[in-house]
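Open the model in your viewer and keep the sequence panel visible. The tour below goes from one selection to the next and says what is found at each stop.

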Amino acid sequence: MKAITTHYIDGTFVKSHGREVMDIIKPTNGKAIASVTLGDEEDARRAIAAAKRAFTTFGRTTKEERTKVLRRLHEVVSARVDELTAAMVEEYGGAVQFATLIVQAGANSFSAAEKALQELPLTRTWDKTTVTLEPVGVAGLITPWNANSFFLSAKLASAIAAGCTVVMKPSELSPLQTQVWLECLHEAGLPKGLCNVVIGRGDVVGAELVRNPDVAKISFTGSVAVGQTIMRDGAATMKRVTLELGGKSPNILLDDADLDKAIPTALAIAFMNSGQACVAGTRLLVPKARLDEVKRAILAAMHAFPAGDPRDPKTAVGPMVTQKQCDRVQSYIRKGIEEGAEVLVGGDGHPKGLEEGYFVKPTVFVNVTNDMTIAREEIFGPVLCVITYENDDDAIKIANDTSYGLHAYVSGTDVQRARRVASHLLVGRVAVNGMLDDQHAPFGGFKHSGVGREFGTYGIEAFLETRAILES
Ligand code: NAD
């Protein structure tokens, strides 16, 4: 059984000072496949010290020098997309059809950051005033388990483009993916201390990054509860924070939507990454008059979203990441039934033939009202709630009646009308007529979905401070 016992500090793999050993459990069968030795506060402090030393030179690099680093990282991560994907499938149970795309998107984030850096003026002058955008300092980057290598790449790309040095704390549930990614990083031959990675628990290694005065900025992707802790605890050292948190994204089908296209897309949006996606469109808002048609269309389209072996390219929904997550999703399904929602597809229990491992049934509820627990809380599993509305304004009202505001989707034939609806949604991103992405568009949330934005020039700006020099 593979044992991971090192962290990556100051350009080398170093033995963990922390001694706690954790098994890595394969979600398809619940068996241990590897072990990882978790870092402690001392490992985190060593990594921070290395990043601090490296910042004295990397913080003064030019755009050209940072571009070289980004190109190199793009090269080395792109070369191992297949291995990174295989690790995501094995360790996390990510369906290969999704894992392939998201891992590739991670590699692409280095070239996207390179382009954004060229577009971002780092100096502006007028009269006798000069304004420069300066790297904020050492940044702590903390990632979740649902797309670990993507987040590692995306956050590192923006931080490097800004001239920051970093300490990364990947999800402790993702050490196999992190290990392959670290091998890429090592091969890139970056300046020592530019990028340091400590695998460990959030409340140990993550908390040290948040409290340490030598870390200027935290960029975090994860749950709302941990985001709130980071904001609160980071205040003591005046941390700059970017928080990418949860979602309960509405998907509005306007009454002129073409259901043959909109329903398969709605299911893909709801079940992407096995439903363990912050941007999953988990509230499908449909015109009351078209509910029966919508139900028929869902039943007809479900065959394309089977649960199964994540290695099978036909599988849309793999297992949940852990037993805990599997139990959590099942308990929400039971809660939905208790509160009076009707199961159209799926329901409680394991799918037939997938009793081993952490599988749940892709589930669609109808007769859901927006005040039910399943419509308000982020389930983070393949559970879609169908909610009816009376007219466009009612749809907008229901869509915005949530504490979240990460993403929304609108489908309709009249694009002007779809745009009008989109412009009223209190979310960081709206996709009109499709499951769309743009690595240059800002990404982040209104309300409890977070603070700040990632990607493109917006993501780089999040790692910069502004300095004005005024001359007489
Ligand atoms: P989590 O909040 O439990 O953990 C995320 C990371 O934070 C992990 O690396 C964890 O070790 C670390 N952490 C935990 N406690 C910490 C602390 N006290 N201080 C510092 N770090 C700490 O989230 P998760 O369960 O790994 O991921 C699922 C959540 O992530 C969901 O709520 C989902 O919506 C959210 N998410 C958001 C986005 C987004 O971009 N908005 C993307 C993916 C996932």
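Start by selecting D392 together with L254, R417, R420 and V421: D392 touches these four, leaving aside residues up to four places away in sequence. Keep in mind throughout that the model is predicted. D392 is located in helix 13, which covers residues 392-400. With a relative accessibility of 14%, D392 counts as buried, because the cut-off for that class is under 20%. Add L253 to the selection and draw a line between the C-alpha atoms: D392 and L253 are 139 residues apart along the chain, and the line spans 9.7 Å.

Next, the aromatic rings. A search of the whole structure finds seven aromatic pairs. One of them is formed by W145 and F380; the arrangement is edge-to-face, with 5.5 Å from centre to centre and 75° between the planes. W145 is in the loop between strand 8 (138-142) and helix 5 (148-162), while F380 is in the loop between helix 12 (373-376) and strand 17 (383-389), so this pair ties together parts that are 235 residues apart in sequence. Both W145 and F380 are buried.

Now select F150 and F455. They also form an edge-to-face aromatic pair, here with 6.1 Å centre to centre and 80° between the planes. F150 belongs to helix 5, and F455 to the loop between strand 20 (450-451) and helix 15 (456-461); the pair links distant parts of the chain, 305 residues apart. F150 counts as buried at 9% relative accessibility, and F455 is buried too, with a relative accessible area of 10%. Extend the selection to F151 and F443: F150, F151, F443 and F455 form one aromatic cluster.

For a ring with a charge over it, go to F463. K217 lies over the face of F463, at 5.4 Å from the ring centre.

The last stop is the ligand. Which of the 27 residues around the ligand come nearest? They are T143, E172, S223, L245 and E378. Show distances from the ligand to three of these residues. A polar backbone atom of T143 is 2.7 Å from an oxygen atom of the ligand. For S223, an N or O atom in the side chain is 2.6 Å from a ligand oxygen atom. In the side chain of E378, an N or O atom is 2.7 Å from an oxygen atom of the ligand. Finally, switch on the surface: the ligand taken alone exposes 840 Å², and the protein buries 88% of that.

Note on methods. Residues are numbered from 1 along each chain as its sequence is written. This is a predicted model: local features need pLDDT of at least 70, side-chain atom pairs count only at pLDDT 80 or more; totals for chains, interfaces and linings use all residues. Side-chain values use heavy atoms; hydrogens and water are left out. Rings of Phe, Tyr and Trp (its six-membered ring) pair if their centres lie within 6.5 Å; planes under 30 degrees apart count as stacked, over 60 as edge-to-face and the rest as tilted. Helices (H or I, at least four residues) and strands (E, at least two) are DSSP runs, numbered from the N terminus. Buried means under 20% relative accessible area, exposed over 50%, partly exposed in between (1.4 Å probe, protein chains only). A charge sits over a ring if NZ of Lys or CZ of Arg is within 6 Å of the ring centre and within 35 degrees of the ring normal. Contact means heavy atoms within 4.5 Å. A residue is near a molecule or strand if one of its heavy atoms lies within 4 Å of it. A polar contact is a pair of N or O atoms within 3.5 Å; within protein, one must be able to donate a hydrogen and the other to accept it, and residues adjacent in sequence count only if both atoms are side-chain atoms. Accessible areas come from the Shrake-Rupley method with a 1.4 Å probe; for residues, only the protein chains shown count as cover.
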